[in-house]
Every structure is written in C-alpha cells, then in structure tokens.
Amino acid sequence: MSLKKKLKGLFKKDSGILDLPTVQKYIETVTNNAGLQVRFDPDIPAPCTSKNTLIIPSFNGGMTQDDLKKLRWWVLHESLHHTKGPEAFKIGHEELGFDARHSPLAAMWNIFEDCRIERAGSREYKGDTRIINDGWRVLAEKERPKLEEVLKNANPEMMKLGAA
C-alpha cells in the first residue's frame, strides 16, 4: 500500500471527520428505523420536523464538522421522540395545551422529556451517547450568548428556568 493511501486512511480514522455520504446514510438509517420520512431541501435554512417527516437543508460545501455533529444529534433526537415517547406529543400539546415558547412549566416539561428520550435511546446504542453529547456541546457553545441575552430581560420565572 502506498504511503499516500496509508496516510489518508489514518487521517480519516483518527480525525473523527464525518464525510457527507456517511452522514447522509446515517440520517436515512436512523429515520427509517424510527418510521419517519426524510427530505433534503435546498430552500430551508435549518432542520425542521413536520409530523412524520424530517426536513433537512441539502448538504453544501459550507458545512463544518460542528454542523454535522448538530445535524446528527438533531436527527437522532427527533427520531427518539417517535420511538421512545410518541405519547408525549398527545399529552403535552392536546391534553395539557403546553406551548414551551410561552410557559415556563411547559418549557421545563419539554426539557425533562427531551432528557428522558435521549437517555432511553442512548442505552441501546453506545455511539448514540457520543452523538448526543457532541450535539449538546456544540449547541450550548453556540447558543449560550443568545440565551444570556434573552434571560437578561426575562421575567423572574424564566430566569429561574434559565439558571437551572
């Protein structure tokens, strides 16, 4: 084997770099296992969920490793909602009328449910724990300044929630 091939294989193996075809295959596998559809759309700025379809921005050359880590976390997280807690949708939205955007109680319930489904899902596959941890780390680093700004002017109940 040539030195160039050895170095290329070593770099990829040891660097943790995620290539786009691997990530796309991961997304298709995880969503399929959860009974969800996935659609890649060049016209949306961020991933979103529409009932049983995950809509993901089409891959482009501007994606970073952190973008891919967030995307893998998001796909796994949304899929876990459907496999580890679909009853929570009905309880939260239909029965309790929770809207996490306007209610501290609903936001807390949503956080607990998110943690519950991620812990339940990560017990099955060891690699899921790393995907979840990597995604939250990247999200927390990016969103912390925004959260601090929002909480600076929030009502006392939301400040307590933010501190928690």
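Accessible area here is computed by the Shrake-Rupley method with a 1.4 Å probe. By that reckoning, the chain in this predicted model has an accessible surface of about 11,200 Å², and 57% of that surface belongs to carbon and sulfur atoms.

Let's walk along the chain. It holds 7 helices and 3 strands. Starting from the N terminus, you meet the elements in the order α-α-β-β-β-α-α-α-α-α.

How confident is the predictor along the way? The mean pLDDT of the chain is 78, with 76% of its residues at 70 or more. Among the elements, strand β1 (residues 37-41) has the highest mean pLDDT, 91, while helix α1 (residues 3-15) has the lowest, 45. Within that helix, residues 6-15 have pLDDT below 50, and beyond near neighbours in sequence this stretch has 4 contacts in the model.

Now pause at helix α3, which covers residues 65-84. A helix is expected to span 1.5 Å times one less than its number of residues, so the 20 residues of α3 should span 28 Å; the C-alpha atoms at its ends lie 27 Å apart, in agreement with that expectation. Helix α3 is also mostly covered, with 14 of its 20 residues buried.

Finally, step back to the chain as a whole. Of its 164 residues, 32% are buried. Looking at contacts between residues at least 6 apart in sequence, 56% join residues at least 24 apart.

Note on methods:
Residues numbered from 1 in each chain as written. Predicted model: local features only at pLDDT ≥ 70, side-chain atom pairs only at ≥ 80, totals over all residues. Heavy atoms only, no water. Helix = DSSP H or I, 4+ residues; strand = E, 2+ residues; numbered from the N terminus. Buried < 20%, exposed > 50% of the residue type's maximum accessible area, 1.4 Å probe, protein only. Contact = heavy atoms within 4.5 Å. pLDDT = per-residue confidence, 0-100.
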